[in-house]
Amino acid sequence: TRSSRPQRMLAHVKRHAARGDPQSVIDAIDYFCRHKEWAMNVGDEKGTILDSVVCEVSPGAVLELGTYCGYSTMRIARLLAPGARLITLEFNPANAAVARQVIAWAGLEHKVQLVEGSSGDLIPQMREKFGIDSFDLVFLDHWKDWYLPDTRLMEELGLLHKGSVLLADNVICPGAPEYLAYVRSSPRYDSRYFKSHLEYTYVEDGLEKSVFPGASAGSRP
Ligand SMILES: O=C(NC/C=C/[C@H]1O[C@@H](Sc2ccncc2)[C@H](O)[C@@H]1O)c1cc([N+](=O)[O-])cc(O)c1O
Ligand SMILES: [Mg+2]
(Lines give C-alpha, C1' and ligand atoms only; values in the text may rest on other atoms or scores of the structure.)
(Ligands and ions follow the chains in the order given, each with its own letter.)
Protein backbone atom coordinates (compact mmCIF):
# COMPACT_ATOMS: atom_id res chain seq x y z
CA THR A 1 0.00 0.00 0.00
CA ARG A 2 1.01 3.63 -0.54
CA SER A 3 3.32 5.06 2.11
CA SER A 4 2.03 7.67 4.54
CA ARG A 5 3.28 11.25 4.74
CA PRO A 6 5.02 10.55 8.08
CA GLN A 7 6.75 7.54 6.47
CA ARG A 8 7.92 9.69 3.53
CA MET A 9 9.12 12.29 6.02
CA LEU A 10 11.10 9.60 7.89
CA ALA A 11 12.63 8.37 4.62
CA HIS A 12 13.73 11.95 3.85
CA VAL A 13 15.32 12.20 7.31
CA LYS A 14 17.24 8.93 6.83
CA ARG A 15 18.47 10.09 3.43
CA HIS A 16 19.46 13.66 4.36
CA ALA A 17 20.12 13.95 8.10
CA ALA A 18 23.18 12.83 10.04
CA ARG A 19 22.65 10.20 12.73
CA GLY A 20 23.07 11.63 16.22
CA ASP A 21 22.74 15.20 14.99
CA PRO A 22 19.35 16.56 16.15
CA GLN A 23 19.70 19.87 14.32
CA SER A 24 20.24 18.10 11.00
CA VAL A 25 17.10 16.01 11.62
CA ILE A 26 15.11 19.13 12.49
CA ASP A 27 16.43 20.90 9.37
CA ALA A 28 15.63 17.89 7.17
CA ILE A 29 12.02 17.80 8.39
CA ASP A 30 11.64 21.56 7.87
CA TYR A 31 13.04 21.22 4.32
CA PHE A 32 10.68 18.31 3.57
CA CYS A 33 7.64 20.23 4.85
CA ARG A 34 8.55 23.49 3.12
CA HIS A 35 9.60 22.09 -0.27
CA LYS A 36 7.97 18.68 -0.61
CA GLU A 37 4.92 17.99 1.59
CA TRP A 38 3.40 20.23 4.26
CA ALA A 39 2.96 18.52 7.61
CA MET A 40 1.70 19.71 11.00
CA ASN A 41 5.01 19.97 12.86
CA VAL A 42 5.32 23.09 15.02
CA GLY A 43 7.92 24.19 12.46
CA ASP A 44 11.01 26.40 12.49
CA GLU A 45 9.40 29.79 13.22
CA LYS A 46 7.25 28.71 16.18
CA GLY A 47 10.01 26.22 17.01
CA THR A 48 12.34 29.10 17.83
CA ILE A 49 9.77 30.38 20.36
CA LEU A 50 9.44 26.87 21.80
CA ASP A 51 13.23 26.68 22.13
CA SER A 52 13.38 29.99 24.00
CA VAL A 53 10.69 28.91 26.47
CA VAL A 54 12.45 25.56 27.10
CA CYS A 55 15.73 27.39 27.75
CA GLU A 56 14.01 29.92 30.05
CA VAL A 57 12.24 27.23 32.10
CA SER A 58 15.16 24.72 31.94
CA PRO A 59 12.69 22.04 33.03
CA GLY A 60 13.49 18.83 34.88
CA ALA A 61 10.20 17.21 33.82
CA VAL A 62 8.39 17.96 30.55
CA LEU A 63 5.12 16.55 29.22
CA GLU A 64 4.30 16.78 25.49
CA LEU A 65 0.75 16.06 24.37
CA GLY A 66 0.75 14.92 20.74
CA THR A 67 4.07 13.55 19.49
CA TYR A 68 3.06 13.22 15.81
CA CYS A 69 6.43 12.60 14.09
CA GLY A 70 8.63 13.73 16.96
CA TYR A 71 9.71 17.11 15.57
CA SER A 72 8.88 19.18 18.67
CA THR A 73 9.95 16.26 20.83
CA MET A 74 13.46 16.66 19.38
CA ARG A 75 13.41 20.45 19.67
CA ILE A 76 12.66 20.11 23.39
CA ALA A 77 14.87 17.07 24.14
CA ARG A 78 18.00 18.54 22.50
CA LEU A 79 17.83 21.46 24.99
CA LEU A 80 17.27 19.42 28.17
CA ALA A 81 19.92 19.25 30.90
CA PRO A 82 21.42 15.84 31.74
CA GLY A 83 18.93 13.89 33.85
CA ALA A 84 15.94 15.98 32.73
CA ARG A 85 13.13 13.92 31.20
CA LEU A 86 10.53 14.40 28.48
CA ILE A 87 7.41 12.24 28.39
CA THR A 88 5.48 12.48 25.12
CA LEU A 89 2.04 10.98 24.54
CA GLU A 90 0.86 9.76 21.13
CA PHE A 91 -2.50 8.17 20.36
CA ASN A 92 -1.84 6.88 16.82
CA PRO A 93 0.47 3.82 16.71
CA ALA A 94 1.63 4.58 13.16
CA ASN A 95 2.67 8.10 14.16
CA ALA A 96 4.35 6.73 17.29
CA ALA A 97 6.32 4.23 15.19
CA VAL A 98 7.64 6.99 12.93
CA ALA A 99 8.38 9.28 15.87
CA ARG A 100 10.44 6.61 17.65
CA GLN A 101 12.65 6.26 14.57
CA VAL A 102 13.00 10.03 14.13
CA ILE A 103 13.96 10.46 17.80
CA ALA A 104 16.41 7.54 17.56
CA TRP A 105 17.98 8.94 14.37
CA ALA A 106 18.64 12.16 16.29
CA GLY A 107 20.20 10.11 19.12
CA LEU A 108 17.78 11.54 21.69
CA GLU A 109 15.99 8.34 22.75
CA HIS A 110 17.69 8.35 26.18
CA LYS A 111 16.02 11.71 27.03
CA VAL A 112 12.55 10.81 25.76
CA GLN A 113 9.85 8.44 26.92
CA LEU A 114 7.25 8.06 24.14
CA VAL A 115 4.06 6.50 25.50
CA GLU A 116 1.28 5.25 23.22
CA GLY A 117 -2.21 6.04 24.32
CA SER A 118 -4.53 8.95 24.91
CA SER A 119 -3.68 11.82 27.23
CA GLY A 120 -6.99 11.42 29.05
CA ASP A 121 -6.08 7.87 30.02
CA LEU A 122 -2.35 8.41 30.59
CA ILE A 123 -2.22 11.70 32.52
CA PRO A 124 -3.83 10.04 35.59
CA GLN A 125 -1.08 7.39 35.45
CA MET A 126 1.86 9.78 35.49
CA ARG A 127 2.63 9.33 39.19
CA GLU A 128 2.22 5.58 39.55
CA LYS A 129 3.63 4.56 36.16
CA PHE A 130 6.31 7.17 35.52
CA GLY A 131 7.17 8.42 38.99
CA ILE A 132 6.41 12.00 38.03
CA ASP A 133 5.33 14.30 40.86
CA SER A 134 4.67 17.39 38.75
CA PHE A 135 5.65 18.92 35.40
CA ASP A 136 7.74 22.07 34.98
CA LEU A 137 6.67 22.45 31.35
CA VAL A 138 3.75 21.07 29.31
CA PHE A 139 3.67 21.46 25.50
CA LEU A 140 0.11 21.07 24.18
CA ASP A 141 -0.07 20.13 20.50
CA HIS A 142 -2.63 17.34 20.26
CA TRP A 143 -6.35 17.54 19.46
CA LYS A 144 -7.24 21.19 20.03
CA ASP A 145 -10.49 20.51 21.88
CA TRP A 146 -8.55 18.34 24.33
CA TYR A 147 -6.30 21.21 25.50
CA LEU A 148 -8.78 22.45 28.12
CA PRO A 149 -10.02 19.15 29.57
CA ASP A 150 -6.43 17.90 29.84
CA THR A 151 -5.35 21.12 31.56
CA ARG A 152 -8.18 20.81 34.06
CA LEU A 153 -7.21 17.19 34.64
CA MET A 154 -3.57 18.14 35.35
CA GLU A 155 -4.76 20.83 37.77
CA GLU A 156 -7.06 18.45 39.60
CA LEU A 157 -4.35 15.77 39.86
CA GLY A 158 -1.87 18.29 41.26
CA LEU A 159 0.52 17.75 38.35
CA LEU A 160 1.17 21.50 38.04
CA HIS A 161 3.22 23.36 40.64
CA LYS A 162 3.74 27.11 41.28
CA GLY A 163 5.60 28.31 38.19
CA SER A 164 4.68 25.40 35.94
CA VAL A 165 4.47 26.59 32.34
CA LEU A 166 1.87 25.51 29.78
CA LEU A 167 2.85 26.23 26.16
CA ALA A 168 0.06 25.64 23.64
CA ASP A 169 0.50 25.43 19.87
CA ASN A 170 -2.16 26.55 17.34
CA VAL A 171 -4.17 28.82 19.60
CA ILE A 172 -5.18 30.82 16.46
CA CYS A 173 -5.00 28.20 13.67
CA PRO A 174 -6.69 25.73 13.88
CA GLY A 175 -7.51 27.45 17.18
CA ALA A 176 -8.31 26.41 20.74
CA PRO A 177 -10.87 29.05 21.76
CA GLU A 178 -12.17 27.47 24.96
CA TYR A 179 -8.63 26.79 26.20
CA LEU A 180 -7.55 30.34 25.34
CA ALA A 181 -10.54 31.89 27.11
CA TYR A 182 -9.82 29.79 30.19
CA VAL A 183 -6.10 30.51 30.61
CA ARG A 184 -6.57 34.20 29.76
CA SER A 185 -9.48 34.76 32.16
CA SER A 186 -8.58 32.46 35.04
CA PRO A 187 -6.77 34.18 37.95
CA ARG A 188 -4.87 30.90 38.09
CA TYR A 189 -2.70 31.75 35.08
CA ASP A 190 -0.46 34.55 33.85
CA SER A 191 -0.91 34.13 30.11
CA ARG A 192 0.95 35.64 27.16
CA TYR A 193 0.51 35.23 23.38
CA PHE A 194 3.55 34.82 21.10
CA LYS A 195 2.36 35.86 17.64
CA SER A 196 3.84 33.83 14.79
CA HIS A 197 2.68 31.94 11.69
CA LEU A 198 1.21 28.55 10.99
CA GLU A 199 4.13 26.26 10.21
CA TYR A 200 5.59 26.76 6.72
CA THR A 201 2.88 29.31 5.77
CA TYR A 202 2.06 33.04 6.02
CA VAL A 203 -1.18 32.36 7.91
CA GLU A 204 -1.24 33.81 11.43
CA ASP A 205 -0.87 31.42 14.33
CA GLY A 206 0.87 31.62 17.68
CA LEU A 207 1.81 29.99 20.94
CA GLU A 208 0.15 30.82 24.26
CA LYS A 209 2.45 30.64 27.29
CA SER A 210 0.59 30.33 30.58
CA VAL A 211 2.32 30.26 33.96
CA PHE A 212 0.52 28.48 36.76
CA PRO A 213 1.01 30.72 39.84
CA GLY A 214 -0.03 27.97 42.24
CA ALA A 215 -3.12 26.10 43.29
CA SER A 216 -3.90 28.67 45.99
CA ALA A 217 -4.10 31.50 43.44
CA GLY A 218 -7.61 32.26 42.30
CA SER A 219 -9.17 30.38 45.15
CA ARG A 220 -8.89 33.35 47.53
CA PRO A 221 -12.29 35.11 47.96
O1 LIG B 1 -4.63 19.12 14.28
C2 LIG B 1 -3.49 19.43 14.59
N3 LIG B 1 -2.81 18.75 15.50
C4 LIG B 1 -3.42 17.59 16.12
C5 LIG B 1 -2.32 16.68 16.46
C6 LIG B 1 -2.57 15.43 16.79
C7 LIG B 1 -1.45 14.53 17.10
O8 LIG B 1 -1.62 14.03 18.41
C9 LIG B 1 -2.34 12.82 18.32
S10 LIG B 1 -3.83 13.01 19.10
C11 LIG B 1 -3.58 12.64 20.76
C12 LIG B 1 -2.35 12.45 21.34
C13 LIG B 1 -2.29 12.17 22.70
N14 LIG B 1 -3.40 12.08 23.44
C15 LIG B 1 -4.60 12.27 22.86
C16 LIG B 1 -4.72 12.55 21.53
C17 LIG B 1 -2.54 12.47 16.88
O18 LIG B 1 -2.35 11.10 16.66
C19 LIG B 1 -1.51 13.32 16.20
O20 LIG B 1 -0.24 12.68 16.15
C21 LIG B 1 -2.80 20.55 13.92
C22 LIG B 1 -3.37 21.03 12.75
C23 LIG B 1 -2.74 22.07 12.06
N24 LIG B 1 -3.37 22.56 10.86
O25 LIG B 1 -2.86 23.52 10.26
O26 LIG B 1 -4.41 22.00 10.48
C27 LIG B 1 -1.55 22.63 12.52
C28 LIG B 1 -0.99 22.14 13.70
O29 LIG B 1 0.18 22.67 14.19
C30 LIG B 1 -1.60 21.11 14.40
O31 LIG B 1 -1.01 20.69 15.57
MG1 LIG C 1 0.49 22.07 16.21
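## Glu-208 and its partner

In this predicted model, Glu-208 sits at 1% relative accessibility, so it counts as buried. Its side chain meets that of Arg-184 in a salt bridge, 2.8 Å from N to O. That pairing ties together distant parts of the chain: Glu-208 belongs to strand 7 and Arg-184 to helix 10 (residues 177–185), 24 residues apart. Arg-184 comes out as partly exposed, because its relative accessibility is 45%.

## Other salt bridges

Searching the whole structure turns up 15 salt bridges. Take Glu-199 and Lys-46: their closest N and O atoms are 2.7 Å apart. Here too the pair spans distant parts of the chain, with Glu-199 in the loop between strand 6 (190–197) and strand 7 (204–212), Lys-46 in helix 3 (residues 43–57), and the two positions 153 residues apart. Both Glu-199 and Lys-46 are buried.

Glu-204 and Lys-195 also pair up, at 3.4 Å from N to O. Glu-204 is partly exposed at 32% relative accessible area, while Lys-195 is exposed at 62%. Then there's a network: salt bridges with shared partners join Lys-46, Asp-169, Glu-199 and Asp-205.

## The magnesium site

Asp-169 turns up again at the magnesium ion (ligand 2), where the protein donors are Asp-141 (OD), Asp-169 (OD) and Asn-170 (OD1), 2.0 to 2.2 Å from the ion. Along the chain, the donors follow the spacing D-x27-D-N. Asp-141 lies in the loop between strand 4 (135–140) and helix 8 (147–156), and Asp-169 in the loop between strand 5 (160–168) and helix 9 (171–175).

As for burial, Asp-141 has a relative accessible area of 13%, so it is buried; Asp-169 is buried as well, at 0%.

Note on methods
Residues are numbered from 1 along each chain as its sequence is written. Chains are lettered from A and ligands numbered from 1 in the order in which they are written. This is a predicted model: local features need pLDDT of at least 70, side-chain atom pairs count only at pLDDT 80 or more; totals for chains, interfaces and linings use all residues. Side-chain values use heavy atoms; hydrogens and water are left out. Donors are N, O and S atoms within 2.8 Å of the metal (3.2 Å for Na, K and Ca); water is not among the atoms, so sites may look incomplete. Helices (H or I, at least four residues) and strands (E, at least two) are DSSP runs, numbered from the N terminus. Buried means under 20% relative accessible area, exposed over 50%, partly exposed in between (1.4 Å probe, protein chains only). A salt bridge is a side-chain nitrogen of Lys or Arg within 4 Å of a carboxyl oxygen of Asp or Glu.
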